[in-house]
Amino acid sequence: MRQRFITTILFLILTTNIFAQPRWGDTFWRDSVPESMRKDYIGFGEQYKGKEWHSLPAATFAEFKKTGNRTNYEGLLFEKRRQLAALVLAEVIEGQRRFLPDIINGLQSTLEETWWGLPAHYKTEVPRTEDQTVDLFNAETASLIAWTRYVLGKELDSFSPLITRRIDDEIARRILQPAVKTNYWWKKAGMNWNPWICSNWLACVMFCEHDENRKNDAIGQIRKACQAFTDLYPDDGGCDEGPHYWDRAAASLFETLYLLKQTDGNEKLKNMEAYIYKMYIGHDYAVNFADAHGNHAMLNINIAYPFGLYTGDKTMRQYAAYVGKQSDILTHPAHLYDKSGNWPSLARELIFLQHIQSFLKETPREPELRNVWLPDLQIMTAREPFVAMKGGNNGESHNHNDVGSFIVYPDNEPLLIDPGVGAYTSKTFSKQRYEIWTMQSDYHNLPRINGVSQHDGKQYAAQVISHKPGQLTLDISKAYPKEAKVNYWRRTVKTGNGKRVEVTEDYSLDTYEAPTQLMLMTLTAPQIDNNGIIKLGDYRIVYDDKQLTAQSEDISTLLDPVLQQMWGNHMYRIILTVKDQKLKGKIKYTITK
């Protein structure tokens, strides 16, 4: 009875003035959005005015199944959605109906597509009308169209009521009906698919579902799914998928709560929100553990700022203002809008602009937290020099075999790095995932013990030995399979004296099988001398040359275009090999200026 009561109240909230979100023709766009911003949004739309709307080719869709390539089709789909989103926001901001013909043509073209999602999320090599699987981008496209209906509904109806009727029919067929009827795995998941789809599904319910009972049913399922996501999330708010996916994990959960007008934010939600600035390094860099297609700060302010308002988090609000200032949002907001996702998020930009006057009054400030410890995720960050280290396990969402790895950014610039991830292919989320070099422990700052690398699986995990500000000790031996013949491997990373990072490897082996090696990843060409010193530009790695020998490899040829965009054209791997065959040992090395 209590759940039914809550659902009924939520339905009343949603159907009685959904929220005060301005639509086309509202004086808000003229009176509240600064003219310089308005001009840039309109200019962004004008580049698409009169541009042809292309169909999405079936042969390109089929490439994923036939060759493993997913980026060719995704690029075409994303650009088409970008075209529509740019035109819609330009029309809303300007309010002169100049962009309406292009928008109507774009809607018609999109509504005629067989399926709105990605080939990587589909069973067959070509999409079929009868299979309307609800994936991330089927839902994303539906949300874009639903929001377009909301803000431009009257103008679309003035052209022909058949447009909005077609929108309602297509969204019902593609999203509303299958989402309610199908027990999709993502409804119970603790990763990004759950809130990402739910936030978009909810927009479709709000704007395109006109049956009261079906609306109640959908809202109830959305709330249940979001609760499942929240329950599975760690109390420390850490995103095991990495900062890159926070935007569509915790931030999408907030987006859903915002649309539901739910105001009972709790401590866990605040921790989930704060995670993204806790991973901030400085100089616009962010910690990039797990699948990250970028190493720079991954903050989309059009969702982060409303999130900060919702939770009352001053640090988040000021961080968003800092990103806005760095990007010159007053004169170039369309650049941020364009980069706010795989294509511009119309929903988020409309929500953000509703708070633009509040945003412009914020004091910009970088969130350079001195020490961070996430006990559930087992991530430490500390400064002077900046270090981040992770424990966790090798069964995390978007996992890399990287238990115990660390990164070093002295002066907030990359020195020892996590390579991140290259372009997604058919291997990325398959049984062949760990054939990809960026997923392997050998290409993270980790040991290869007795010639054996880390293994994937939740049971391959770290144990926290101790933590204090600026220092973390983990036993990472359980991250390796039994073939490594390791009893314990206690790694300590220590920073905080303003000059150097100290790493200690304290280990015990059961037997000696092969030389143990320590891998270190860097962008700087190493200069190795014979005195226990490796020069990396202005910095040095100092080690005991009686214990270790050093060599380096240029692995630049492994970098695909995505990784080159992240790091440039060069990457190197340093290999420190343990000389002796002793079963117990302690190795210490430092990174210093």
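A cavity is a set of grid points where a 1.4 Å probe fits but cannot get out, and its lining residues are those with an atom within 4 Å of such a point. In this predicted model, a search of the whole structure for cavities of 30 Å³ or more returns 3 of them. The points below take up the two largest of these cavities, then the nonpolar cores, and finally an open sheet of 4 strands.

**The largest cavity**

- The largest cavity holds about 80 Å³ of space, and its lining is made up of Glu-140, Ser-143, Leu-144, Asn-200, Arg-248, Glu-255, Trp-343, Pro-344, Ser-345, Leu-346 and Ala-347.
- Two elements, helix H8 (136-159) and helix H18 (346-353), each give two or more residues to this lining, and the greatest share comes from H8, with 3 residues.
- By residue class, the lining of the largest cavity consists of 5 nonpolar, 3 polar and 3 charged residues.

**The second largest cavity**

- With a volume of about 60 Å³, the second largest cavity is lined by Cys-239, Asp-240, Gly-242, Pro-243, Tyr-275, Phe-289, Ala-290, Leu-377, Ile-379, Lys-390, Glu-396 and Asp-402.
- The lining of this second cavity divides into 7 nonpolar residues, 1 polar residue and 4 charged residues.

**Nonpolar cores**

- The largest nonpolar core contains 144 residues, and the members that touch the most others are Trp-147, Ile-171, Trp-201, Trp-246 and Leu-299.
- A second core, separate from the largest one, has 39 residues, among them Met-380, Ile-476, Ala-479 and Ile-541.
- When neighbours within four places in sequence are left aside, the contacts of Trp-246 are Cys-239, Ala-251, Met-272, Glu-273, Tyr-275, Ile-276, Leu-299, Ala-304, Phe-307 and Met-316.
- Among these contacts of Trp-246 are Cys-239 and Tyr-275, both of which also appear in the lining of the second largest cavity, while Leu-299, another contact of Trp-246, is itself listed with the core members that touch the most others.

**The four-stranded sheet**

- The 4 strands of an open sheet, paired in the antiparallel sense, follow the order S8-S14-S19-S18.
- Strand S8 (447-448) and strand S18 (548-554) each have a single partner strand and therefore stand at the edges, so that one side of each is left without a neighbour in the sheet.
- The antiparallel pairing of S18 with strand S19 (residues 572-578) runs over 7 bridges, and Glu-553 stands opposite Arg-573 in S19.

Note on methods. Residues numbered from 1 in each chain as written. Predicted model: local features only at pLDDT ≥ 70, side-chain atom pairs only at ≥ 80, totals over all residues. Heavy atoms only, no water. 1 Å grid on protein atoms, 1.4 Å probe; cavity = no way out; pocket = protein on both sides within 12 Å on 5 of 7 lines; lining within 4 Å. Points joined across faces, edges and corners; volume = space filled by probe spheres on them. Nonpolar A, V, L, I, M, F, W, Y, C, P; charged D, E, K, R; others polar. Core = buried A, V, L, I, M, F, W, Y, C linked by side-chain atoms within 4.5 Å. Buried < 20%, exposed > 50% of the residue type's maximum accessible area, 1.4 Å probe, protein only. Contact = heavy atoms within 4.5 Å. Pairing = 2+ DSSP bridges.
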